[in-house]
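Visitor: I'd like a close look at a single part of this one, and I'm happy to get the wider setting along the way. Could you pick a residue and walk me through its surroundings?

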Amino acid sequence: GSRGVAVVTTTCVSLSSILSCIAFYEVALCASACYIRIAPWIFSELFDAAWGFLFDSLTVILLLVVTIVSSLVHIYSISYMSGDPHSPRFFCYLSIFTFFMPMLVTGDNFIQLFLGWEGVGLASYLLINFWFTRIQANKAAIKAMLINRVGDFGLALGIMGCFTIFQTVGFSTIFACASAFSEPHHYFLFCNMEFHAITVIRILVFIGAVGKSAQIGLHTWLPDAMEGPTPVSASIHAATMVTAGVFMIARCSPLFEYSPNALIVITFVGAMTSFFAATTGVLQNDLKRVIAYSTCSQSGYMIFACGISNYSVSVFHLMNHACFKALLFLSAGSVIHAMSDEQDMRKMGGLASLLPFTYAMMLIGSLSLIGFPFLTGFYSKDVIPELAYTKYTISGNFAFWLGSVSVFFTSYYSFRLLFLTFLAPTNSFKRDLSKCHDAPILMAIPLILLAFGSIFVGYLAKDMMIGSGTHFWANSLFILPRNEILAESEFATPTIIKLIPILFSTLGSFVAYSVNFVVNPLILALKTSTFGNRLYCFFNKRWFFDKVFNDFLARSFLRFGYEVSFKALDKGAIEILGPYGISYTIRKMAQQISKIQSGFV
């Protein structure tokens with residue numbers, strides 16, 4: 001039954017998280033990377049893709065994050081999904097996801113990475129569509145699948161390009177040969193134009209990362225993915241799957257280092273995503289959607305940290321972000337559970353007295369997210385803009401300023417969420433408030449553990465992962481000496497530049513307070529003016545990305561498919577030249593021939 005399924009899956013995932021802790025100790029702390037070759041899988045002439053596991057520092061960090069977050073989410077789901085008749089199916093899907101994610105992280109060649117990549121996409125589809133009777137959930141799941149297909153197409157092309165150039169898909173071989181193939185005379189010929197091969201491969205692979213990590217352009221599926229149950233949003237769309245793109249860029253760092261153009265593209269895309277998602281999250285009203293945009297924004301930070309070739313900082317931020325974002329989502333789930341499935345923030349308020357524990361957890365998560373000094377987010381998040389500043393390039397400065405402004409918006413929407421949900425005068429129905437209950441013990445345990453993570457992990461892991469001269473990453477991340485700027489950003493950046501993120505985040509919290517609490521005639525005038533209304537509409541409708549996609553891309557594709565492919569070709573030319581036309585011609589000819597035969601002997 002449902003209890004048995006819950007017990008079995010949770011036990012297995014918890015065991016795997018304990019094992020990944022052991023692996024972390026052996027591989028990362030004892031500095032002995034491990035390479036296991038299990039069995040041949042696809043073997044055809046030069047093309048050799050074996051089942052193999054590659055455990056280096058990068059892998060074990062990701063394993064630690066994935067298994068621990070997944071096990072906490074499993075424990076949380078036991079309580080959260082207890083009333084659902086389909087909870088066995090839910091736990092099966094969740095475990096499928098938790099299986100494919102380590103496959104993605106530990107694979108030692110591109111094919112195995114691609115297997116895990118597609119697998120988590122499938123699990124994401126199944127879980128978003130978990131309540132399959134809701135039209136919104138169907139639409140969101142199909143959208144997530146389709147947009148990820150665009151990204152996966154790019155990734156598949158990138159893998160093929162890798163095989164074309166390097167004649168192999170194994171990571172170790174490709175990374176060893178990267179420098180030899182980075183010369184300009186290795187190029188792809190396309191339409192009689194020469195394109196630098198490694199740059200092309202990298203940009204294609206990055207398109208895959210854009211799809212999976214919800215970067216600008218292919219981001220529209222992430223906020224819609226909130227239709228699934230809350231534990232899903234926490235596990236997949238916050239902590240693990242959305243960061244798979246970042247993991248892949250970090251894993252391919254030797255290749256990215258040899259194509260500076262690809263790095264510039266990554267920096268720009270990441271910075272624009274962080275800014276775009278932060279501005280959009282400011283005016284959303286759905287509790288989970290705000291946090292979803294926050295995820296989008298933070299993954300933009302990670303991507304542009306990779307773009308300024310500081311992969312270590314990026315993975316560090318990934319780990320910290322997994323802690324506090326899972327905490328935020330699970331607390332939001334606790335609120336929604338207490339309010340009998342009400343997600344609109346405008347219909348909440350005053351819950352701090354009713355849900356003190358959840359409020360505390362949400363507060364810790366939000367403070368960590370905005371980079372409150374000496375919490376987890378502070379250590380990774382504030383390093384990224386100052387590294388960008390130290391690049392002294394156009395892309396670096398661009399990323400620095402967009403990132404700093406995003407910090408302001410991040411702080412604003414985090415506090416707006418806290419104010420509207422917990423502190424504002426209440427707006428909710430009496431029947432909801434009468435049934436309001438704080439998190440039961442099974443939901444509270446994961447929250448407490450994640451809260452400790454959100455407070456201490458950054459401080460504990462900072463020197464190990466991004467300290468000056470740390471040996472931790474060994475050979476898993478590669479940075480060209482000319483791109484190495486950690487020391488310079490540490491000692492050469494002016495203090496005022498280092499303080500900009502903190503200043504902006506405090507400013508954001510004050511603005512949120514004044515807009516949502518203090519009755520201010522200026523703010524009121526802005527809210528009621530036409531310009532304010534337009535602005536609200538623009539941000540609330542997510543910069544009209546969905547509208548543009550639907551009107552200009554999807555509609556024209558569908559029209560083409562119906563008018564040209566279906567009517568003109570399938571039902572037109574092919575039918576006339578094919579079965580229908582032949583049978584018609586033969587019938588007519590038979591009539592003509594039968595006229596010749598008059599019947600007289």
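What follows is a tour centred on Glu 118, with a few other spots brought in for context.

Guide: Sure, and keep in mind that this is a predicted model. Glu 118 sits in helix α4, which covers residues 110-128. Is Glu 118 buried or exposed? Neither label fits: its relative accessible area is 24%, and buried means under 20% while exposed means over 50%, so Glu 118 counts as partly exposed.

Now for its company. If you leave aside the neighbours within four places in sequence, Glu 118 is in contact with Arg 149 and Asp 152. With Arg 149 there is a side-chain to side-chain polar contact, at 2.7 Å. For another distance to check on screen, try Met 101: that residue is 17 residues away along the chain from Glu 118, and the two C-alpha atoms are separated by 9.9 Å.

Let's step back to the whole chain. The protein has 26 helices and 4 strands. It runs to 601 residues, and 55% of them count as buried. Take the contacts between residues at least 6 apart in sequence: 79% of those join residues at least 24 apart. The accessible surface is about 25,700 Å², with 70% of that belonging to carbon and sulfur atoms.

For a covered residue to set beside Glu 118, go to Thr 280 in helix α12 (residues 260-281). Thr 280 has a relative accessible area of 0%, so it is buried. A polar atom of the Thr 280 side chain lies 2.7 Å from the backbone oxygen of Phe 276.

Whole helices can be covered too. In α9, residues 230-240, 11 of the 11 residues are buried, so the helix is largely enclosed by the rest of the structure; among them are Pro 231, Ile 236 and His 237. Helix α2 is mostly covered, with 22 of its 24 residues buried. There's a neat geometry check on α2 (residues 57-80) as well: at 1.5 Å a residue it should span 34 Å, and its end C-alpha atoms are indeed 34 Å apart.

For the outside, look at Tyr 459 in helix α20, residues 441-466. Its relative accessibility is 54%, so Tyr 459 counts as exposed. Together with Ile 448, Phe 452, Phe 456 and Leu 460, Tyr 459 makes a nonpolar surface patch of about 550 Å².

Notes
Residues numbered from 1 in each chain as written. Predicted model: local features only at pLDDT ≥ 70, side-chain atom pairs only at ≥ 80, totals over all residues. Heavy atoms only, no water. Helix = DSSP H or I, 4+ residues; strand = E, 2+ residues; numbered from the N terminus. Buried < 20%, exposed > 50% of the residue type's maximum accessible area, 1.4 Å probe, protein only. Contact = heavy atoms within 4.5 Å. Areas by Shrake-Rupley, 256 points an atom, 1.4 Å probe, with all protein chains shown as cover. Expected span 1.5 Å × (residues − 1). Patch = residues over 30% accessible without salt bridge, like charges linked within 9 Å, V, L, I, M, F, W, Y side chains within 5 Å. Salt bridge = Lys/Arg side-chain N within 4 Å of Asp/Glu carboxyl O. Polar contact = N/O pair within 3.5 Å; in protein donor to acceptor, adjacent residues only side chain to side chain.
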